[in-house]
Amino acid sequence: MSNFEEVCLLSCESWVDSFPAEIPKHKFSKKHTEKMKEVFQTEPKENKHKLSKKAIKFILIAAILLSLATTVFAIPACREFIIEKFFNHSEYNVVDTSDAKDVTSLNLNYIPTGFEKTEEYKSDDLYANAYKNTELYFYVKKYTIDTNIGYDTEKYDDESIIINNIKAVYFRSDNEVNGIIFNNGEYIFIVDGNICKDELVKIAQNVK
């Protein structure tokens, strides 16, 4: 649980604890009661229960957690993009780039066995790392969301794949280099090199 969630829960509990031990029963007017009967079917009197402070506390905590979860899932995981085809290459462009922001970090949580980072490049528009293992190599690049990405499709057509529930593009070139392009709603990522597709997918699944 994040610090923000813990603070919300503690605040909620403190608020509920401030309630009186017995919540006074509110008496509605006769007119209000008659109107409500037209909307709801009343339950038998013996089946009605007064909520305790503990029950109210659990209901409020559940409501806060549901609200937080809804907020998280409402964030788009991927922005719409278009692919423009040319005679010897294609270009990947994100449609909405109105709030593009600088690249400030690049993290990779999976590196194939035997590979070591050999190069690193940083700028406001791009972070890039190179990894090598004898004759094999791959690059991991993170671009701003408004970057135009060109890639080779002269000999092979690209194909759609899924990376962490996000639609991505897999491409190959005739010099044994293949790659994956996708965006996470904030940045565009490219993983490419002369390693197999399965390893590229694992790397793409673990880059942030």
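In this tour, a strand is a DSSP run of E with at least two residues, numbered from the N terminus. The model under inspection is predicted.

**First stop: Gly150**

Select residues 149–152, which form strand β6, and locate Gly150 within that strand. Is Gly150 buried or exposed? Its relative accessibility is 51%, and because the exposed class begins over 50%, Gly150 counts as exposed. Now display the surroundings of Gly150: setting aside residues up to four places away in sequence, Gly150 touches Ser90 and Glu91. Add Asn93 to the selection and draw a distance between C-alpha atoms; Gly150 and Asn93 are separated by 9.0 Å, although their positions lie 57 residues apart along the chain.

**Second stop: Lys101 and Glu186**

The remaining stops concern salt bridges, of which the structure holds seven. Select Lys101 and Glu186, whose closest N and O atoms are 2.8 Å apart in a salt bridge. This pair links distant parts of the chain, 85 residues apart. Lys101 is found in the loop between β2 (89–94) and β3 (116–122), while Glu186 is found in the loop between β9 (178–183) and β10 (187–193). Colouring by accessibility places Lys101 in the partly exposed class at 38%, and Glu186 is likewise partly exposed, at 37%.

**Third stop: Asp192 and Lys141**

Proceed to Asp192 and Lys141, a salt bridge with its closest N and O atoms 3.2 Å apart. Asp192 belongs to strand β10 and Lys141 to strand β5 (residues 136–144), so the pair ties together parts that are 51 residues apart in sequence. Are these two residues buried or exposed? Both Asp192 and Lys141 are buried, and a surface representation may therefore need to be hidden here, as buried denotes under 20% relative accessible area.

**Fourth stop: Glu159 and Lys197**

Next, select Glu159 and Lys197. Their salt bridge has its closest N and O atoms 3.3 Å apart. Which elements does this pair join? Glu159 lies in strand β7 (residues 159–163) and Lys197 in helix α4 (residues 197–204), so parts 38 residues apart in sequence are tied together. Glu159 is partly exposed at 35% relative accessibility, and Lys197 is partly exposed at 29%.

**Final stop: a network**

Finally, select Lys117, Glu120 and Lys122 together. Which kind of interaction links these three residues? Lys117, Glu120 and Lys122 are joined in a network of salt bridges.

Note on methods
Residues are numbered from 1 along each chain as its sequence is written. This is a predicted model: local features need pLDDT of at least 70, side-chain atom pairs count only at pLDDT 80 or more; totals for chains, interfaces and linings use all residues. Side-chain values use heavy atoms; hydrogens and water are left out. Helices (H or I, at least four residues) and strands (E, at least two) are DSSP runs, numbered from the N terminus. Buried means under 20% relative accessible area, exposed over 50%, partly exposed in between (1.4 Å probe, protein chains only). Contact means heavy atoms within 4.5 Å. A salt bridge is a side-chain nitrogen of Lys or Arg within 4 Å of a carboxyl oxygen of Asp or Glu.
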